[in-house]
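Biologist: I would like to learn how to read a model of this kind, one feature at a time. Please give me the general idea and then the case at hand.

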Amino acid sequence: MPLVSRIAPQQYLSEEGAYDFLSEAIEKLFLKKIIFLHGEKSLHAALPYLPDLQALPAEIVDFPFSGECSEAEIKKLIQTIRATGADALIGLGGGKVLDTAKAAAYHAGNLPLILLPTLASNCAAWSALSVIYAENGTSLGHRIYPKQANLVLIEPRVIAASPVRFFVAGIADTLAKWYETERLLRAAGDSSLAVIYARQSARLCRDIPLQHAQQAVRAMRDQKVTDDWKLVMETTIMAGGLVGGFADELGRATAAHSVHDALTTFSETKHLLHGEKVAYGIILQLALEKNQDEIEKLRPFYRSLQLPFSLADLNLADLPEDGIRELAAQTVTPDKTIHLLPYSVTEEKVVEAIQSLENLAVRQ
Ligand SMILES: [Zn+2]
C-alpha cells in the first residue's frame with residue numbers, strides 16, 4: 001500500500017472566542033442544514049462560548065450522542081442525515097463523539113465536517129480516522145477516511161474546565177506516538193519529507209509532555225490557562241495527529257495500542273480511559289524492548305501523573321497466571337498492529353514483559 005499523507009484539517013483555530021468563527025465558516029462552506037452531534041456534558045460546557053445556534057446562517061438539527069462510537073450509532077446518524085436532507089455535520093465533544101461524526105460524515109457521502117473538541121484526551125479532532133467500539137466498549141479497530149475535517153475550533157476555556165484526568169490520559173496517548181512510531185519512522189530514513197515531518201512531530205509528542213506536562217497539569221488543577229498548558233493541550237490534539245497525518249501507516253499506533261485493545265477485553269479495566277490503558281501499553285512495549293533506561297526515565301513522570309505502571313494500577317492486581325497469558329494472547333492476535341514493529345512479538349515474550357514490570361513495581 002502506498003503511504004498517503006492526510007496532513008491536517010483544512011482550517012484550525014485555537015484561541016479564546018474561537019467558536020465565534022462558526023458563523024463565517026458555515027457561510028463560506030455554503031452549508032444549509034447541519035446535524036449537530038454532541039454529548040450532553042460537552043454541550044453544557046461549551047454553551048457559554050457558543051454563538052446562538054438558531055442565529056447561525058444554516059438550520060441546525062440537534063442530535064444527542066448515545067455514548068459509544070458504535071456501528072449502530074453511526075448508522076442512526078447517517079439515517080438522520082438522509083431523512084433531514086442535511087448537508088453537513090458538526091461534532092462537539094470528546095473523542096468518541098468526534099469519531100462518530102467523522103464516520104457518519106464520510107459514509108453519508110463525504111459531507112463537510114466541523115469538529116469542536118471539548119477534551120484534550122487524544123488527537124481525534126485532527127486525525128482522519130475513527131476507532132469503532134462494540135456496544136460493550138470492546139475496541140473493534142479503526143477506519144481511515146480520505147480527508148480530515150473542514151474545520152476544527154478549539155475554545156481553550158472549555159478544555160481547561162474539563163476533567164484533569166482526561167487531559168492526563170491525552171498526554172499518555174500523545175507520548176505513545178513517539179514510542180510506537182520511532183522505529184518505523186527511523187527505518188524509513190530521510191528519503192521522504194513527509195516522513196521527516198512525521199518524525200519531528202513524534203519527537204514533539206515526547207519532548208513537550210516530558211518538559212511541560214507536570215506544570216500544565218498543576219495549572220489546570222488551579223484552573224489556570226498558562227502557556228505550558230496550552231502547549232501541552234495543542235500537542236495532544238495537533239502534534240499527535242500530525243504523525244499519522246504525514247506518515248500514514250508508518251505513523252500509526254503499534255504496540256502500546258495493541259496492549260490497550262487487549263485490555264479493553266478485560267471488564268476490570270472498563271473504568272479506565274483510553275489513554276490510561278495506552279500508558280501501560282507504552283511501558284509494556286519498553287519492557288518488551290528491554291529498554292530499562294527509558295522505563296526508569298518515564299517512571300517518575302508516570303508516578304507524578306498517576307498513570308498506570310503495573311497490573312494493580314489497572315485494577316488487575318489479582319489476575320491469575322492464565323489471565324496474564326490471556327492478556328498477552330489478546331495483545332498479539334494476528335490483526336494487532338504490534339506486528340508492524342520490526343521485531344517479532346509472541347505471547348511468551350509479552351508474558352515475560354508483563355512479569356518483568358510486576359517485579360519492578362514490587363521493588364519501587
Ligand atoms: Zn490512542
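Biologist: How many helices and strands are there in the chain?

Modeller: Helices (H or I, at least four residues) and strands (E, at least two) are DSSP runs, numbered from the N terminus. In this predicted model, the chain has 13 helices and eight strands. Its radius of gyration, taken over C-alpha atoms, is 20 Å, close to the 21 Å that the globule rule gives for 364 residues, so the chain is as compact as a globular protein of that length. The globule rule is 2.2 Å times the number of residues to the power 0.38. The C-alpha trace spans about 60 × 45 × 40 Å along its principal axes.

Biologist: Which conventions should I keep in mind?

Modeller: Residues are numbered from 1 along each chain as its sequence is written, and side-chain values use heavy atoms, with hydrogens and water left out. As the model is predicted, local features need pLDDT of at least 70 and side-chain atom pairs count only at pLDDT 80 or more, while totals for chains, interfaces and linings use all residues.

Biologist: What share of the residues of the chain counts as buried?

Modeller: Buried means under 20% relative accessible area, exposed over 50%, and partly exposed in between (1.4 Å probe, protein chains only). Of the 364 residues, 56% count as buried. The accessible surface, from the Shrake-Rupley method with a 1.4 Å probe, comes to about 15,500 Å², and 52% of that belongs to carbon and sulfur atoms.

Biologist: How do I read contacts, and which residues does Leu-153 touch?

Modeller: Contact means heavy atoms within 4.5 Å. Among contacts between residues at least 6 apart in sequence, 78% join residues at least 24 apart. Leu-153 is found in strand E8 (residues 151–154). Leaving aside neighbours within four places in sequence, Leu-153 is in contact with Leu-13, Ala-18, Tyr-19, Phe-21, Leu-22, Leu-115, Leu-116 and Pro-117. Leu-153 is buried, with a relative accessible area of 0%.

Biologist: What about polar contacts? With which side chain does the side chain of Arg-6 make one?

Modeller: A polar contact is a pair of N or O atoms within 3.5 Å; within protein, one must be able to donate a hydrogen and the other to accept it, and residues adjacent in sequence count only if both atoms are side-chain atoms. The side chain of Arg-6 makes such a contact with the side chain of Asp-248, at 3.2 Å. Arg-6 sits in the segment before strand E1 (11–14) and counts as buried at 18% relative accessibility. Beyond four places in sequence, the residues that Arg-6 touches include Tyr-145, Pro-146, Lys-147 and Arg-252.

Biologist: A side chain may also pair with a backbone atom. Which backbone nitrogen lies 2.9 Å from a polar atom of the side chain of Asp-99?

Modeller: That of Val-131. Asp-99 belongs to helix H4 and counts as buried, at 7% relative accessibility. Not counting neighbours within four places in sequence, Asp-99 is in contact with Cys-69, Ala-124, Leu-129, Ser-130 and Val-131.

Ala-124 appears again with Asn-122: its backbone nitrogen lies 2.9 Å from a polar atom of the Asn-122 side chain. Asn-122 is in the loop between strand E5 (113–117) and strand E6 (129–133). With 19% relative accessibility, Asn-122 counts as buried. Past four places in sequence, Asn-122 touches Gly-95, Gly-170, Asp-173, Thr-236 and Ile-237.

Biologist: Where is Asn-110, with its positive phi in a residue other than glycine?

Modeller: Asn-110 lies in the loop between helix H4 (95–107) and E5, and its phi is near 55 degrees. Asn-110 counts as partly exposed, at 36% relative accessibility. Gln-223, also not a glycine, has a positive phi of about 55 degrees. Gln-223 is found in the loop between helix H7 (193–221) and helix H8 (227–247), and is exposed with a relative accessible area of 73%.

Biologist: How many residues apart in sequence are Lys-290 and Ala-353?

Modeller: They are 63 residues apart in sequence and 8.2 Å apart in space, C-alpha to C-alpha. Lys-290 lies in the loop between helix H10 (274–288) and helix H11 (292–305) and counts as exposed at 65% relative accessibility. For Leu-153 and Glu-68, the figures are 85 residues in sequence and 22 Å in space, C-alpha to C-alpha.
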